[in-house]
Amino acid sequence: MAGIVPHASKIEEIYTHDAIPTQSPRWANLVSKFQSTYNMPAQFVARSPGRVNIIGEHIDYSLYPVLPMAITSDALFAVSVPSEQNTTSDTFKVRISNVQSERFTAKEFDIPYSGIEIDSKVHEWTNYFKCGLKGAIQLLRRGNPDFRPVSMDVCMDGSVPAGGGLSSSAAFVSGAALAVMVANGVEKVSKMDLTEIAIVAEREVGVNSGGMDQSASVLSVKDNALYVSFVPELSARPVKFPKTKPELKFLIAQSFVAADKHVTGPVCYNLRVVECSLAAAYLHAVVNKSSSPLPEDKGPLGISLYGFHKGHFGQETGRDMAAQLKQLVQIVKDTLTKEEGYTRAEVAEKLGMTVEQLEKRFESTFPVRAERFKLRQRALHVFTEALRVSKFIGLLEDPPAGYMDTGNSEEYNRALGDLMNATQASCRDLYECSCPELDRLCQIARKAGSYGSRLTGAGWGGCSVHLVPGDKVEDVKAAWEKDYYSKMDLTAEQKSGAVVVSKPGSGSYLLTLGEDGKP
Ligand code: ATP
Ligand code: GLA
Ligand code: MG
């Protein structure tokens, strides 16, 4: 698949039919806001969506495959390149504004051609634009190191709830990078290049994330989920859900627990990345009995649990993925026996390094705070979750005959749901990335008829995803209202956006506007 980012001539090509009545006025508002802010029409709109992850949580940075899908909500960037460009200066100018101008104040930057500064200690919305800009410039300079980016005017409208677990940040960074590429004259933007630069660029804001969100945002195809693999290189294929009876729906429910990964990074997200990387290094040293370090790979800290997996099985890696993952689960149980976790000194000794060397190697880019690293629990989550993804994709792409040919796929639907429920249990107990509110949303939904319910995205708050038979959607919604949302103090806007039935949407798009700046 992959290819280039598609060009749409009208928004009907981008969204599913039911979304048009809300998207049309939104686009019209964006381009009119652009016109009134900069006193000229926008030339094009770059668009990238948020995502919901169906299964495969916290395993992308261990380089195991995941199964997200794009949602309708997205980040839009209306852009114009001013005809007068100051070519004598050492800087280029970016003016950026937001449709939600009170929440996200407009900014103007004079950016040196020599490099972009992003201060990850300051949590500032335009940092995400700078990430996209930085990534795009690196790409533009690949064949031409002296490339000078143009000045540009940008107005953004994001409809993915910020910080809600649906990856508004990846929509932002991928959309911004696309906008910069197009502003600089690249009309045919490679989807793979765009995804890869967005993955690396987003880390500049201070979260050592994997590659799932940007892949889903750029590469998704309408009406399909996306199976994303990270080795031997990034690749993705669209996956359709089989027709079932009862029909399956995905519900996304907000917990309204804010999960600020920037603030909690040192004890939550970034710490998990360190724990998984240390588990990989430890297992490699002890189980693979290797005196040399794990070979470098695309894990955010340069190594991954998949790297250990590959080192362990060598040529045989992936031959029978499920059997290998089961063996690895047993190896972890036998090797990483300390439930209470491992101190830096204990890990460093096994890796043949000092504590200072360990800190420098694993904790200097993204500092973390922990006395002990729970290597056993984190590695068990990763290998069992990778196994669940492999079973889930097997069910989707190769449904067992017996499940489907009776005209009632209840058993099949339950098999999918059970895997999602097992993910939630693992996220809660082994990976410790759930929270009581997410657990509660899942319990309520299951009781009201959901086959499978779990947190989605990073967790520690944010959103949950639920696989629900079509005829139970209203029951599940009513149960949440009665037992969860009615007990919270929510605004009307929060209430109306609390639950959505999500259809798999398309990935990034580009739409060139007419001379009048209208879609
Ligand atoms: P998750 O990563 O858990 O899936 P998320 O991506 O929405 O959820 P963050 O990674 O914390 O959450 O990114 C949210 C940040 O992205 C906001 O704090 C803001 O800086 C920026 N952002 C998102 N949407 C917008 C928007 N519409 N306008 C301006 N900035 C936005
Ligand atoms: C965040 C990250 C992703 C992924 C998920 C957890 O959304 O950005 O890369 O790790 O958390 O699955
Ligand atoms: Mg994010």
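Reader: Let's start with Tyr485. What is this residue in contact with, leaving aside its neighbours within four places in sequence?

Author: In this predicted model, Tyr485 is in contact with Ala253, Gln254, Phe256, Leu441, Trp480, Leu490, Ala498 and Val499. A pair of residues makes that list because heavy atoms of the two lie within 4.5 Å.

Reader: And where in the fold does Tyr485 lie?

Author: Tyr485 lies in the loop between helix H16 (473–483) and helix H17 (492–497). One of its contacts is Phe256. Those two are 229 residues apart in sequence, yet their C-alpha atoms are 9.2 Å apart in space.

Reader: Why is Tyr485 called buried, if it lies in a loop?

Author: The label rests on area: buried means under 20% relative accessible area. Tyr485 has 3%, so it counts as buried.

Reader: OK, now Ser168. What makes Ser168 buried?

Author: Run it past the cut-off of 20% again. Ser168 comes in at 19% relative accessibility, so buried is the word for it. Ser168 lies in helix H3 (residues 168–183). Not counting residues up to four places away in sequence, Ser168 touches Val160, Pro161, Ala162 and Gly163.

Reader: How do you know that Ser168 makes a polar contact with ligand 1?

Author: An N or O atom in the Ser168 side chain is 2.6 Å from an oxygen atom of ligand 1. A polar contact needs a pair of N or O atoms within 3.5 Å, so this pair qualifies.

Reader: What about His123 and Leu166, do they belong in the same category or outside it?

Author: They belong in it. A polar side-chain atom of His123 lies 3.4 Å from an oxygen atom of ligand 1. For Leu166, a backbone N or O atom lies 3.4 Å from an oxygen atom of the ligand. Set against the limit of 3.5 Å, both count as polar contacts. As for cover, ligand 1 has 640 Å² of accessible area on its own, and the protein covers 92% of that.

Reader: Which residues come nearest to ligand 1, and which element gives the most to its shell?

Author: Of the 20 residues around ligand 1, Gly163, Ser167, Ser168, Ser169 and Lys261 come nearest. Strand E6 (152–158), H3 and helix H6 (261–264) each supply at least two residues of the shell. H3 gives the most, with three. By class, there are eight nonpolar, ten polar and two charged residues.

Reader: How do you know that His58 makes a polar contact with ligand 2?

Author: Same kind of check. A polar backbone atom of His58 is 2.7 Å from an oxygen atom of ligand 2, and the cut-off is 3.5 Å, so the pair counts. Polar backbone atoms of Gly210 and Ala458 sit 3.0 Å and 3.4 Å from an oxygen atom of ligand 2. Taken alone, ligand 2 exposes 310 Å², and the protein buries 97% of that. The shell around ligand 2 has four nonpolar, four polar and four charged residues.

Reader: Back to E6. What makes E3 and E6 a pair?

Author: Two strands pair if there are at least two bridges between them. Strand E3 (residues 67–80) and E6 share six bridges, in the antiparallel sense, so they qualify. Ala75 stands opposite Gly158 in E6. The two strands are part of an open, mixed sheet of seven, in the order E1-E15-E2-E3-E6-E4-E5.

Reader: Why are strand E1 (7–8) and strand E5 (107–112) called edge strands?

Author: Each of them pairs on one side only.

Reader: Last one. Why is Glu432 called partly exposed, while Trp460 is called buried?

Author: Buried is under 20% and exposed over 50%, with partly exposed in between. Glu432 has a relative accessible area of 32%, so it is partly exposed. Trp460 has 16%, so it is buried. Both are non-glycine residues with a positive phi, about 50° for Glu432 and about 55° for Trp460. Glu432 is in the loop between helix H14 (410–429) and helix H15 (436–447). Trp460 is found in the loop between strand E12 (452–456) and strand E13 (463–469).

How values were computed
Residues numbered from 1 in each chain as written. Chains lettered and ligands numbered in written order. Predicted model: local features only at pLDDT ≥ 70, side-chain atom pairs only at ≥ 80, totals over all residues. Heavy atoms only, no water. Helix = DSSP H or I, 4+ residues; strand = E, 2+ residues; numbered from the N terminus. Buried < 20%, exposed > 50% of the residue type's maximum accessible area, 1.4 Å probe, protein only. Near = heavy atom within 4 Å. Polar contact = N/O pair within 3.5 Å; in protein donor to acceptor, adjacent residues only side chain to side chain. Areas by Shrake-Rupley, 256 points an atom, 1.4 Å probe, with all protein chains shown as cover. Nonpolar A, V, L, I, M, F, W, Y, C, P; charged D, E, K, R; others polar.
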